[in-house]
Amino acid sequence: MIVFIPRSGGGCKPGEYDREWLPRQCPGCKQAGVIGHGRRRRQAHDQMHDWISVRRGLCNHCHRCLTVLPCWCVPRAPYTLAARQQAMTELAAGTTLEQAAPQCLDPDRVADPSTIRRWVWRRLESLLLRLAAGATALLPPTILAWDFRAAAGILIPEPSPP
């Protein structure tokens, strides 16, 4: 189960997220029983990141493992939203798939053209689903707008009053 870190008052900016935040209420069973379960390294490739440390939690009641990701990470994907946006901007400017590969912190890391093609198709698929659902305006990219398939595995916790 993947849980996103909620936006702060200033918005969720790349590189500025609370690494220690962990929900106490499990998004699955809705009971307060989540305890810390360590951290793990995760790929998050873009111009500012290479690998990041993400927080994990374990629910004492339903025994689900939670992974807490910053809002700019895509579940089960090594490239961040910023990298995908950079590739789409390059493609919109008329460059080829090979030239549209996003710049990454690791100079040896280059997105394959088939990966960029998949991003384009999933973006179009998500936009078509949003238009079919009655969306009247195209909003700025979010996880839901970029990759509906990846977003299907996300549970976003709602803040509970103290």
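Which residues does L91 touch, not counting residues up to four places away in sequence? The legends below take up this question and then move on through the predicted model.

**Figure 1. L91 and the residues it touches.** L91 sits in helix α1, which spans residues 81-92. Beyond residues up to four places away in sequence, L91 touches T96, L97, A100, I116 and V120. L91 is partly exposed. Its relative accessible area is 22%, and the cut-off for a buried residue is under 20%, so L91 does not count as buried. A101 lies ten residues from L91 in sequence. The C-alpha atoms of L91 and A101 are 9.2 Å apart in space.

**Figure 2. The whole chain, for orientation.** The chain has four helices and four strands. Along the sequence they follow the pattern β-β-β-β-α-α-α-α. The chain counts 162 residues, and 38% of them are buried. Take the contacts with a separation of 6 or more: residues 24 or more positions apart account for 56% of them. About 9500 Å² of the chain is exposed. Carbon and sulfur atoms supply 55% of that area.

**Figure 3. The aromatic pair of Y79 and W119.** The structure holds one aromatic pair. Y79 and W119 form this pair, and its geometry is edge-to-face. The ring centres are 5.4 Å apart, with 75° between the planes. Y79 lies in the loop between β4 (65-69) and α1, while W119 belongs to helix α2 (residues 113-132), so the pair ties together parts that are 40 residues apart in sequence. Are Y79 and W119 buried or exposed? Both are buried.

**Figure 4. The surroundings of Y79.** Neighbours within four places in sequence are left aside here. Y79 is then in contact with H45, V74, R84, C104, R109, V110, A111 and W119. Among these contacts is W119, its partner in the aromatic pair.

**Figure 5. The largest nonpolar core.** In soluble globular proteins, nonpolar side chains tend to be buried together. Which residues make up the largest nonpolar core in this model? There are nine: Y79, A83, A87, M88, A101, C104, A111, I116 and W119. Two elements, α1 and α2, give two or more residues to this core. The largest share, three residues, comes from α1. Apart from this core lies another, of seven residues. V54, L69, W72 and C73 are among them. I116, a member of the largest core, is also one of the residues that L91 touches.

Methods. Residues numbered from 1 in each chain as written. Predicted model: local features only at pLDDT ≥ 70, side-chain atom pairs only at ≥ 80, totals over all residues. Heavy atoms only, no water. Buried < 20%, exposed > 50% of the residue type's maximum accessible area, 1.4 Å probe, protein only. Contact = heavy atoms within 4.5 Å. Areas by Shrake-Rupley, 256 points an atom, 1.4 Å probe, with all protein chains shown as cover. Phe/Tyr/Trp six-rings, centres within 6.5 Å; stacked < 30°, edge-to-face > 60°. Core = buried A, V, L, I, M, F, W, Y, C linked by side-chain atoms within 4.5 Å.
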